[in-house]
Amino acid sequence: MAPSQVIVLLALVATFHFLDTARAQTPPPPPSLEASGRTLNLEDCIAIALEGQPRIQATLADYAAARYRVNQALAPLLPQLSGSVTATRSQNISITTNSAGASISTVQNRQMGDTLLAQVLLSQVLFDFGKTLAATEAARKLAEVAVEDVELQRQLISLTVKEAYTNTLFSQRLIRVQEQAQERAELNLRSAKGFFEVGTRPKSDVARAEVDVANAKLDLIRAKNALRTAIVALNIAMAINVDTPTQIVDNLVYQPITLDRQALRSDSLRQRPEYRQAKLRAAAAEATERQTFRNFFPDVSGTGTYGGTQSQLNEAWTLGLSLNWSLFDGGGRIARYQEAKANLEGAKARVKSTELDIVQNVEQAEIAVEEAQERIQAAQTLVVSAQENFRLAQGRFDAGVGTILELTDAQLALTQAQNTESQALADYRIALARLDRAVGRR
């Protein structure tokens, strides 16, 4: 086998090996966590969501694409190797005139073996004033932006799971409150019927108690439907089957915390992926600006070919050095450079804007947490007062000195106070989850 044929064969083998290696770098899917058949805590739900959410998989694929774009940007600076094989077959008829004035026709046939050219072409950029390196740096920064986007999606999914988890617990708490309200209403109804049967209470007391029982049943139905909706939302957030009978641990309790505002602000600017993305985009814009400026300078490249000609593949080679410099392109390079400068200024401004947005988010989240803490304390005091008021109203009604209206009002006030407490607890947990998101925690 001729040397040129060996070189062409080796180039093809290297190309196929590179493609196989790129396919092998695709990571296998992670093992799935089992969501059904056990009681899940909040950490379990978040882990299941982070593993199975397709948004995570999509951002991981986007990061892989951005990482390969870095290789694409760097590729022009590396040796470029290609192979070519050409062959033509032709027939020409030429007419000549001899000394006697007669025309003579000559047929020229060239077979494919006579024109065969097989060669390997090698080119290398020797110096391009840093254009390729600047483009590679810009692509690398954008790949880092894609990494931050993966973390951003993880934080958003974690927040969604936390909110759905809390809403599920809140719905369960409302069911218990409505069940207690129904039990109290049924007890009042039995008391009213007993008093009516012995003639100490009018029929209207029984009718009013029956209305309260019916309202309690309707509220209980609504609470159960709300729980079904909340479980569906939680299952969707975890990316599991919506019909999964998810069971979760109740963490809807009040645990007071003290907020350090300065520390939270510092943590948010360090941990929020949006802020890191804004700074990375500014760095990428700066690298692009450098690249467009260096496009005003020439490229110096070296080229070489080696191969064989004709059917015997007789050895043939060339070496060359080229300098390419576009002196004027209608102002296109100047416009691209000015565009890159404007993009850089905009990216720098967006860094500051993102910083202000993050500080605002943290402040709003802190205010919401503090408000929820105050509401919980007020709601707990309200529940104690409403329980005492209901106890007194029920005692007065049983003693025959209180009215059914007073009793039902106390019953309604107690149910509303318990609902308010449950809502405050849920709002507190959601406020803490949003504070974690504002600070950049999962």
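This report describes helix packing, selected side-chain contacts and a few backbone features of one predicted model.

The model is predicted, with local features requiring pLDDT of at least 70 and side-chain atom pairs counting only at pLDDT 80 or more, whereas totals for chains, interfaces and linings use all residues. Residues are numbered from 1 along each chain as its sequence is written, and side-chain values use heavy atoms, with hydrogens and water left out.

## Helix packing around α9

Helices (H or I, at least four residues) and strands (E, at least two) are DSSP runs, numbered from the N terminus. Axes are lines fitted to C-alpha atoms, for helices over the stretch in contact, and angles run from 0 to 180 degrees between N-to-C directions.

The axes of helix α5 (residues 131–197) and helix α9 (residues 332–398) cross at roughly 15° and come within 11 Å. That angle makes α5 roughly parallel to α9, given that angles under 35 degrees count as roughly parallel, over 145 as roughly antiparallel, 65 to 115 as roughly perpendicular and the rest as oblique. The crossing of α5 and α9 is left-handed, a term used if the near helix is turned anticlockwise from the far one by less than a right angle, with right-handed used if clockwise. On the α5 side, the residues that meet α9 are Arg184, Leu187, Asn188, Ser191, Ala192 and Phe195, and their counterparts in α9 are Phe390, Gln394, Phe397 and Asp398, where contact means heavy atoms within 4.5 Å. By class, the contact of α5 with α9 has five nonpolar, three polar and two charged residues; here Ala, Val, Leu, Ile, Met, Phe, Trp, Tyr, Cys and Pro count as nonpolar, Asp, Glu, Lys and Arg as charged, and the others, Gly among them, as polar.

Helix α8 (residues 273–294) also packs with α9, their axes coming within 8 Å and crossing at roughly 165°. The two helices α8 and α9 are therefore roughly antiparallel to each other, and their crossing is left-handed. The contact of α8 with α9 has eleven nonpolar, four polar and ten charged residues by class.

## Residues within α5 and α9

In what follows, buried means under 20% relative accessible area, exposed over 50%, and partly exposed in between (1.4 Å probe, protein chains only). A polar contact is a pair of N or O atoms within 3.5 Å; within protein, one must be able to donate a hydrogen and the other to accept it, and residues adjacent in sequence count only if both atoms are side-chain atoms.

Arg333 belongs to helix α9 and counts as buried, at 10% relative accessibility. Its side chain reaches the backbone oxygen of Asn295 at 3.2 Å, and, leaving aside neighbours within four places in sequence, Arg333 is in contact with Asn295, Phe296, Ser326, Leu327 and Phe328.

Ala365 is also found in helix α9 and counts as buried at 8% relative accessibility. Although Ala365 and Ala438 are 73 residues apart in sequence, their C-alpha atoms are 7.0 Å apart in space. With neighbours within four places in sequence left aside, Ala365 is in contact with Arg434, Leu435 and Ala438.

In helix α5, Lys162 counts as buried at 10% relative accessibility. A polar atom of the Lys162 side chain lies 3.0 Å from the backbone oxygen of Arg442, and Lys162 touches Leu42, Ile46, Ala433, Asp436 and Arg442, not counting residues up to four places away in sequence.

## Helix α2

Helix α2 (residues 42–52) has Leu42, Cys45, Ile46, Ile48, Ala49, Leu50 and Glu51 as its buried residues, and these pack against β1 (39–40), α3 (54–74), α5, α6 and β6. At the start of α2, a side-chain oxygen of Asn41 reaches to within 3.2 Å of the backbone nitrogen of Glu43.

## Loop residues

Most residues other than glycine have a negative phi. Phe129 has a positive phi although it is not a glycine, and Ala239 likewise has a positive phi without being a glycine.

| Residue | Phi | Loop | Relative accessibility |
|---|---|---|---|
| Phe129 | about 60° | between β5 (117–127) and α5 | 30%, partly exposed |
| Ala239 | about 60° | between α6 (203–238) and β6 (247–248) | 35%, partly exposed |

Gly130 lies in the loop between β5 and α5 and counts as buried at 15% relative accessibility. From C-alpha to C-alpha, Gly130 and Arg391 are 83 Å apart in space, with their positions 261 residues apart in sequence counted as their separation.
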